[in-house]
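User: I'd like to learn how to read metal sites, strand pairs and cavities in a model. Could you take me through them one at a time?

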Amino acid sequence: MTQVLELVMDELLDGILVINCCSRKVTYFNNKFVSMWGIPQHILASSDNQTILNQLKTKVLYPEEFLKPIQSLYENDQNWQDEIRLKDGRTLLRKSISIPGTNTLKSCVWIFKDITNEKSIFIDSLTGCLNRKAWDSFGNEHGKKRNHSIQYCVAVVDLNDFKSINDDFGHEAGDRVLKRLGVTLKRLIRNKQDKVFRTGGDEFCILLESTTDISSSIVTRLSNELIAAGINAATGVYMSNQEGGIIEAFRKADKRMLSRKKTQKHLHNSLIHPSHLVSTRKTKTDEEIEMLANLSVAIKKGELKLAFQPIFNTSNQVSWIEVLCRWKHEEQYIPPNVFIPLSESSGHIHRIWDWVLEESIKTVHRWKQNSIYTCISINFSAVQVEYYKNTGFSYPDQIKRICYQYNVSPKCLKIELTETSLLTDSIKAKDLFNELSEMGIDICIDDYGTGFSSLSIMQALPIQCIKIDGSFVNGVPQNLSNTAITKGTISMAHELGIEVCAECIENAEQIEFLESYGCDYFQGYFKSKPLSAEEMAKCIEMHHN
Ligand code: C2E
Ligand code: MG
Ligand code: MG
């Protein structure tokens, strides 16, 4: 009979382990237990419970919770069950049954049932968080209970700019951001009762069990964790109460989240050319986070360099030189179109500006010592315009100080401002531009044509030159609308007494066209690529002789 029983036991789908409560030795296990836990038979056969528990412990996700109920197991006769998460992703249901007997015969039976499949319908496969179905089911169960003695802090988190991550970096990057958000939110969980759900595409909800109102501390922790993870999301937190339950609390938290999102959007809401919207995105991909870590030490490690691109007048002389920042990290050049927007959204741009400004003025000083006298233009970021509006930081004083230190006149400098940086409240930055202008620093509008700027802006500010964006120059003379815009821009600027430079000129046809319509200055690979300081010095000498 025992043999028959053993055969039957080995055919079962549940893993069974029997321990003698007195000797604490394993008295029985079936085949399924062996395959389920992957513990060699000989270890099982010869072992006491402690050795086996140590083996099992290495496989479970929360070893402490796994071991907690065991002490009482041998002492009282109660049967109980719980769920165990394994490191490999499986979930097992553990049933513990006490078999009474005389002291030496008393046994405890553990039955393990693999419930991964039943559980998996409630798990979001991408993030490992609970899914919408789990949320609905939990909400339903909770709703049926009349008296909600257990309270929950409900936090709704919604990514602010998820679409643009998918659009700019592809869906894989989007998936990585969602995963990171899942991991970040799980950090707020303190015990098994707390849960993280992915309730929508880019919306998550955390449920934290608590007897007291913890909402304000959760608001702070949540925002700190999100900032640390480089994630820009709107959040709303609400504490469930006795009557309302979690569904009602979720609705209120969601409402708070939405109203925050609206105010955040309002702040960014300006008329900006779609190609410039990228810079308003704050959530970072993994690559960006790594890049930022490298960027923050790039200056110290001497990885930043300057390149110089000459701008020619109609007599083919170098009129001035644009300073462009270069970053070479571990033998690889990272283009400014990648690291500048990133440094703008992270605040690194201020340190880059400090470095570029001083390094450029130093270079002008060195050229001067070699009897090369030339002006330079430096790019000034939209973030710096905002910084000035908010803090009143005196860029003119900074420039004066460095110019004085290297014995260079501020009149040798020009500032290139992107057109988009003037779109919102540019009048608030008027004092800055006036002050720079009074110091003899010319102000050029860079990438002109991408920001839909109006004539009123141009008239209100002291602008000496506009640089027509490469995307328009690129299309002349074949593309009709590019040609019309370029022609119109040149004549409009001239009527306002503003000079015009064309960027990204790559062939003779373009330059001929531009010259025939009265363009004043020319920049682009056709004339010269960006050069090192030494190459630049030679280029100037050549063009002046
Ligand atoms: P930008 O100020 O409009 O600079 C002109 C960009 O056009 C430069 O790209 C230059 O190398 C490129 N370029 C010049 N001629 C040609 C051409 O004929 N064909 C093509 N296809 N491109 C040409 P770069 O150096 O990659 O810089 C890109 C942007 O990064 C700059 O655009 C500027 O907005 C920003 N940037 C670069 N250095 C700095 C800096 O030090 N500070 C700030 N705030 N921004 C910078
Ligand atoms: Mg520029
Ligand atoms: Mg430009």
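User: Let's start with Asp446: is Asp446 buried or exposed?

Analyst: Buried means under 20% relative accessible area, exposed over 50%, and partly exposed in between, with a 1.4 Å probe and protein chains only. Asp446 has a relative accessible area of 5%, so it falls in the buried class. Bear in mind that this is a predicted model, where local features need pLDDT of at least 70, side-chain atom pairs count only at pLDDT 80 or more, and totals for chains, interfaces and linings use all residues. Residues are numbered from 1 along each chain as its sequence is written, chains are lettered from A and ligands numbered from 1 in the order in which they are written, and side-chain values use heavy atoms, with hydrogens and water left out.

User: Which residues coordinate the magnesium ion (ligand 2)?

Analyst: A donor is an N, O or S atom within 2.8 Å of the metal (3.2 Å for Na, K and Ca), and water is not among the atoms, so sites may look incomplete. Here Glu322 (OE), Asn379 (OD1), Glu416 (OE) and Asp446 (OD) coordinate the magnesium ion (ligand 2) at 2.1 to 2.2 Å. Written as a sequence pattern, the spacing of those donor residues is E-x56-N-x36-E-x29-D. Glu416 in strand S14 (residues 413-418) and Asp446 in strand S15 are 30 residues apart, a pair that links distant parts of the chain. Strands (E, at least two residues) and helices (H or I, at least four) are DSSP runs, numbered from the N terminus. Glu416 is buried too, at 1% relative accessibility.

User: How far apart are the magnesium ion (ligand 2) and the magnesium ion (ligand 3), and which residue coordinates both?

Analyst: They're 4.1 Å apart, and Asp446 coordinates both. On the protein side, the magnesium ion (ligand 3) has Asp446 (OD), Asp447 (OD) and two OE donors listed for Glu503, lying 2.0 to 2.6 Å from it. The spacing of these donor residues reads D-D-x55-E. Asp447 sits in strand S15 (residues 442-448), while Glu503 sits in the loop between strand S17 (499-502) and helix H22 (508-516), so the pair ties together parts that are 56 residues apart in sequence. Asp447 is buried at a relative accessible area of 17%, and Glu503 is buried at 8%.

User: What about strand pairs: how many bridges join S3 to S4?

Analyst: The general rule is that two strands pair if DSSP finds at least two bridges between them. Strand S3 (residues 80-85) and strand S4 (residues 91-99) run antiparallel and are joined by 6 bridges. One place to look is Ile84, whose bridge partner in S4 is Leu92. The two strands form a hairpin with 5 residues between them, and Gly89 in the turn has a positive phi of about 100 degrees. S4 also runs antiparallel to strand S5 (residues 107-114), with 8 bridges joining them. There, Ser96 has Trp110 in S5 as its bridge partner.

User: Now empty space. How many cavities of 30 Å³ or more does the search find?

Analyst: On a 1 Å grid over the protein atoms alone, a cavity is a set of points where a 1.4 Å probe fits but cannot get out; a pocket is an open set with protein on both sides within 12 Å along at least five of seven lines, and lining residues have an atom within 4 Å of a point. The search of the whole structure finds 3 such cavities. The largest cavity has a volume of about 80 Å³, and its lining includes Tyr62, Phe66, Ile84, Arg85 and Lys192. S3 gives the largest share of that lining, 4 residues. The second largest cavity has a volume of about 40 Å³ and is lined by Leu295, Ala298, Ile299, Leu304, His348, Arg351 and Ile352.

User: And the second largest pocket: which residues lie nearest its centre?

Analyst: Arg85, Leu130, Lys192, Asp194 and Lys195 do, out of 42 lining residues. The pocket holds about 1,300 Å³ of space, where grid points are joined across faces, edges and corners and a volume is the space filled by probe spheres set on the points. Helix H8 gives the largest share of the lining, 5 residues.
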